[in-house]
There are 2 protein chains.
Amino acid sequence: MRLAELSERSGVSTATIKYYLREGLLPPGDRISTTQADYGEEHLRRLRLVRALIQVGRIPVATAREVLSAVSDDTLDQNSRLGSAVGALPHGPAPDESDPATATARRTAAELQRRLGWTVPPEYPACRMLVASLAALVRLGYPCGMDRLLPYGRLAERLASHDLDLIEEFEAPTTQLEAAVALTVLYEPMLLSLRRMAHAQESARRFAPPGEAGPGQNREPGR
Amino acid sequence: MRLAELSERSGVSTATIKYYLREGLLPPGDRISTTQADYGEEHLRRLRLVRALIQVGRIPVATAREVLSAVSDDTLDQNSRLGSAVGALPHGPAPDESDPATATARRTAAELQRRLGWTVPPEYPACRMLVASLAALVRLGYPCGMDRLLPYGRLAERLASHDLDLIEEFEAPTTQLEAAVALTVLYEPMLLSLRRMAHAQESARRFAPPGEAGPGQNREPGR
DNA sequence: CACCTTGGATAGCCGCACTATCCAGCACTT
DNA sequence: AAGTGCTGGATAGTGCGGCTATCCAAGGTG
């Protein structure tokens, strides 16, 4: 199919598709002539994935390119590719080493891992992200003792186990990797929205006057 | 204290503090003379909160202003303030109504709520965010049946219950609201990093050759 | 009294994600 | 065979968000 059709079927403007092609998020189409190229179903799939990562997963364009190129990097084995892809995801600002709260947070994270029996190395991006988040809480004076963190950790373990079961259902290596990335990234907003909904629900249950039916009202959505 | 000292103690440049003052994220200091103002510990606390929301929670400046002004809006009762504050948080792009996947996602979300016994109204921002995430998964052809979603929902319930226990420990109404916002926003990156770490851990446990100790290696952190 | 700092206002910068304009080469109609 | 309208590629521009730099006059300081 031509660019215009790809655009129509995906709902993405031709200008934006050209931009993604330039940025290497989408492989170029098969050249038919000097001024014409052909795109297949595979391009459509990939484009939809890119859009989902960028719009729903809120991943920067440059990051999406890194993630996707790691997925299809056939110089690495399956495991390394997954590591590279997930490691390339954004993971927030680096912890501020000049802040004493960071040191506290690092100790807390290490202790948490010990209690959970985890062995994720501290330089792993997700681990740094954990330290940065904990440091922010410490700095604000909110308690984040083991009693708070352990339940979160155990729930995370159950989520992960559940996610990997799902991923193992895919057979083809690249499909499996794509699924791993898509599920890591796209389940994140889902998980967060479920948590916020559960907050609303539970807070209504606890605090609302008996007459009211649902959670409290909210203001207009931002975007 | 003066602006310079506030800057030094918070680690935020004076230029940025001035910017926050302009944007209404920080109340103005007590004017001592035409050219001098005095800031107290409360300003420092608030500034740290703002920084955490923006840097760790990745909330846009304009949104942070809305959230914080809702927290201290004394024309509303406690419950409405919480609703406004959480409702003002970013919740991603609106679902694309022209896409049939959105309709599917909406039905799935409704069914999920029914099965969980939740009654969060569909116009609630978190609910729209859920629909948008589900629609993206549907569009990509990934299954998201009840068997996948229910466990996530039940885990979210347990997280929420745990979070509200923590929030109830705060006494003063405004402190409690601040805590609610801070914990909603700042626990999100923590939860996501724990999930990613658990992925790494579990994936190493399942797939790594017996000799290896920890999860697979990753590339350099982005920021 | 000379000098330095402060807070306030304004304008500028940078990165990111697009978007608009041009252009020459096809391809399909008539 | 000639017009006409699309095609893909290149390049430059736009809008926004989050700062950052510069300037200024009024105060405080030694």
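This report describes how two protein chains meet each other and two DNA strands in a predicted model.

**The two copies**

Chain A can be laid on chain B with an RMSD of 0.0 Å, using a turn of 180 degrees and a shift of 0.0 Å along the axis. The two copies are thus related as by a two-fold rotation axis. Of the residues of chain A, L155(A) comes closest to this axis, with its C-alpha at 3.3 Å. Both copies use the same surface, as 100% of the contact residues of chain A recur in chain B.

**The contact between the chains**

Chain A and chain B each bring 86 residues to the contact. On the side of chain A that touches chain B, at least two residues come from each of helix 3 (41-56), helix 5 (78-87), helix 7 (125-139), helix 8 (146-168) and helix 9 (173-207) of chain A. Helix 9 of chain A gives the most to this side, with 22 residues. By class, the residues of this side of chain A are 48 nonpolar, 24 polar and 14 charged.

One part of the contact pairs helix 8 of chain A with helix 8 of chain B. Their axes are 11 Å apart, and the two helices pack at an angle of about 170 degrees. Helix 8 of chain A is therefore roughly antiparallel to helix 8 of chain B. The residues of helix 8 of chain A that meet helix 8 of chain B include R148(A), P151(A), L155(A) and R158(A). Among those on the side of chain B are L159(B), H162(B) and L166(B). This helix pair's contact has 8 nonpolar, 2 polar and 4 charged residues.

**An enclosed helix**

Helix 5 of chain A is largely enclosed by the rest of the structure, because 7 of its 10 residues are buried. The buried residues are R81(A), L82(A), G83(A), S84(A), A85(A), V86(A) and G87(A). Their cover includes helix 4 (61-71), helix 7 and helix 9 of chain A, together with helix 9 (173-207) of chain B.

**The surfaces near the DNA**

Residues of both chains are found around each DNA strand. The table sets out the two surfaces.

| DNA strand | Residues around the strand | Closest residues |
|---|---|---|
| DNA strand C | 21 residues | T34(A), P60(A), V61(A), L3(B), A4(B) |
| DNA strand D | 22 residues | L3(A), A4(A), T34(B), P60(B), V61(B) |

For DNA strand C, the elements that give two or more residues are helix 2 and helix 4 of chain A with helix 1 (3-10), helix 2 and strand 2 (36-38) of chain B. Helix 2 of chain A gives the most there, with 3 residues. The surface near DNA strand C divides into 11 nonpolar, 8 polar and 2 charged residues.

For DNA strand D, the elements that supply at least two residues each include helix 1 (3-10) and helix 2 (14-23) of chain A, as well as strand 1 (30-33) and helix 4 (61-71) of chain B. Helix 2 of chain B gives the most to this surface, with 3 residues. Near DNA strand D there are 12 nonpolar, 8 polar and 2 charged residues.

**A backbone detail in each chain**

R58(A) has a phi near 60 degrees, a positive value in a residue other than glycine. R58(A) sits in the loop between helix 3 and helix 4 of chain A, and counts as partly exposed with 15 C-beta neighbours inside 10 Å. In chain B, R58(B) has a positive phi of about 60 degrees although it is not a glycine. R58(B) lies in the loop between helix 3 (41-56) and helix 4 of chain B, where R58(B) is partly exposed, with 15 C-beta neighbours inside 10 Å.

Terms used:
Residues are numbered from 1 along each chain as its sequence is written. Chains are lettered from A and ligands numbered from 1 in the order in which they are written. This is a predicted model: local features need pLDDT of at least 70, side-chain atom pairs count only at pLDDT 80 or more; totals for chains, interfaces and linings use all residues. A residue is near a molecule or strand if its C-beta atom, placed from the backbone, lies within 6 Å of it. Helices (H or I, at least four residues) and strands (E, at least two) are DSSP runs, numbered from the N terminus. Ala, Val, Leu, Ile, Met, Phe, Trp, Tyr, Cys and Pro count as nonpolar, Asp, Glu, Lys and Arg as charged, and the others, Gly among them, as polar. Two residues are in contact if their C-beta atoms, placed from the backbone, lie within 7 Å. Axes are lines fitted to C-alpha atoms, for helices over the stretch in contact, and angles run from 0 to 180 degrees between N-to-C directions. Angles under 35 degrees count as roughly parallel, over 145 as roughly antiparallel, 65 to 115 as roughly perpendicular and the rest as oblique. Copies are superposed by least squares on the C-alpha atoms of residues with pLDDT of at least 70 in both. A residue is buried if 20 or more other C-beta atoms lie within 10 Å of its own, exposed if 12 or fewer, and partly exposed in between; C-beta atoms are placed from the backbone.
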